[in-house]
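User: I have a structure open and would like to go through it by question and answer. Please keep the replies short and show the reasoning.

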Amino acid sequence: MAVLNEWAFIGVFFAVAWVFPFAPIFLARLVAPRKPNPIKQSTYECGVETVGDTWVQFKVQYYIYGLIFLVFDVEMIFLFPWAVAYRELDFFAFAAGFLFIFLLADALIYAWRKDALEWV
Amino acid sequence: MLELNVQTLAFFVFALFVLGGGLGVITTRNLVHGTLYLILSLFGVAGFFVLLSAPFLAVVQVLVYIGAIAILIVFAVMLTRSMTSLHEVVNRQWVLSTIVAVLLFVMLTVTIILPVWGQDGSLAGQPVSEVVATTTDLGKALVDGNQYVLPFEVASLLLTAAMIGAIVIARDDE
């Protein structure tokens, strides 16, 4: 039980978060008058008619971006406990953490030099 | 055997997320919807980690699996040509994959679930470990010369290799 109490707040947020999108949709359905015609029901984006298919094939460049993000996200998992324990670590442990960062900095420099960070 | 309290209720809600999400992944014909179901399933697993008193793993589950891997899957789906209305659901290898899936299920049941429940359910009530490890303990163990410092550095090297490999494969040389 004690475990859940700390997390109950997140549970409350999770439950309330559902209310925010669904309440307006429900209210709109309840209150708004419905007089559809072909113009009103046409698909548009920022007031302009859409061109072509919505489901288009993305460039592979975005995938590399996502992959680099994933690598540094995983790096964060390892470095977070290291940072939490930072004040209680000796010099060896401190150096081990920096070697970890140094090895991954290599990967970042490689990605940079290969123009993988260029946005297209 | 089952006490009806908040923890049990939360377990069943999360189990519903995991199983329902998993079912959605394999039944939907739309790859994008499949990814969203997968995120629901992964969220349920994060809930299990909370119930197992592993808050660090719960946060990692949300940050890495939902925040990065699911996003990467979304990108991968966006790269495929026909992401909606998949027609061919059964292919020629369905017999083989069914056998493998059933064997995996049996193996997991025999090795993980049965030993815990046992003949008399003796192990079910016992905690796995007396020691409650905190994130600080994990941090100290990861960079301790007598413990996990080598796997820690190898993980860094592995991540570097994964990233370089991905860039080499995904980029075409102009």
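User: Is B:Phe56 buried or exposed, and what is its relative accessible area?

Analyst: This is a predicted model, and the values below are computed from it. Residues under 20% relative accessible area count as buried. B:Phe56 falls under that cut-off, so it is buried, with a relative accessible area of 16%.

User: How is the ring pair of A:Phe78 and B:Phe152 classed, and how many aromatic pairs are there over all chains?

Analyst: The count over all chains comes to 18 aromatic pairs. For A:Phe78 and B:Phe152 the ring centres are 6.1 Å apart and the planes stand at 70 degrees. Planes over 60 degrees apart count as edge-to-face. The pair of A:Phe78 and B:Phe152 is therefore edge-to-face.

User: Which helices does that pair connect?

Analyst: A:Phe78 sits in helix α3 of chain A, and its partner B:Phe152 belongs to chain B. The pair thus crosses between chains, and the helix on the B side is α6.

User: Which burial class does each ring of this pair fall into?

Analyst: A:Phe78 has a relative accessible area of 22%, so it is partly exposed. B:Phe152 has a relative accessible area of 1%, which means that B:Phe152 is buried.

User: How is the pair of A:Phe80 and B:Phe56 classed?

Analyst: The ring centres of A:Phe80 and B:Phe56 lie 6.0 Å apart, with the planes at 10 degrees. Planes under 30 degrees apart count as stacked. The pair of A:Phe80 and B:Phe56 is therefore stacked.

User: Where do A:Phe80 and B:Phe56 lie, and what is the relative accessible area of A:Phe80?

Analyst: A:Phe80 is in helix α3 of chain A and B:Phe56 is in helix α3 (residues 55-79) of chain B, so this pair joins two chains. A:Phe80 is partly exposed, and its relative accessible area is 42%.

User: Which residues do ring pairs link into a cluster?

Analyst: The cluster draws on residues of chain A and of chain B. Chain A gives A:Phe14, A:Trp18 and A:Phe22. From chain B come B:Phe11, B:Phe12, B:Phe14, B:Phe17, B:Phe43 and B:Phe48.

User: How many cavities of 30 Å³ or more does the search find, and what is the volume of the largest cavity?

Analyst: Rolling a probe the size of a water molecule over the atoms shows where empty space is left. A search of the whole structure finds one cavity of 30 Å³ or more. The volume of the largest cavity is about 30 Å³.

User: Which residues line the largest cavity, and which helices each supply at least two of them?

Analyst: The lining takes A:Tyr63, A:Ile64, A:Leu67 and A:Ile68 from chain A, and B:Met163, B:Ala166, B:Ile167 and B:Ala170 from chain B. By class, the lining has eight nonpolar residues, with no polar and no charged ones. The helices that each supply at least two lining residues are α3 (60-84) of chain A and α6 (149-170) of chain B.

User: What secondary structure does each chain have?

Analyst: Chain A has four helices and two strands, and along the sequence its pattern is α-α-β-β-α-α. Chain B has zero strands. Its elements, from the N terminus on, run α-α-α-α-α-α, for a total of six helices.

User: What share of each chain is buried?

Analyst: Chain A has 120 residues, of which 22% count as buried. For chain B, with 174 residues, the buried share is 28%.

Methods: Residues numbered from 1 in each chain as written. Chains lettered and ligands numbered in written order. Predicted model: local features only at pLDDT ≥ 70, side-chain atom pairs only at ≥ 80, totals over all residues. Heavy atoms only, no water. Buried < 20%, exposed > 50% of the residue type's maximum accessible area, 1.4 Å probe, protein only. 1 Å grid on protein atoms, 1.4 Å probe; cavity = no way out; pocket = protein on both sides within 12 Å on 5 of 7 lines; lining within 4 Å. Points joined across faces, edges and corners; volume = space filled by probe spheres on them. Nonpolar A, V, L, I, M, F, W, Y, C, P; charged D, E, K, R; others polar. Phe/Tyr/Trp six-rings, centres within 6.5 Å; stacked < 30°, edge-to-face > 60°.
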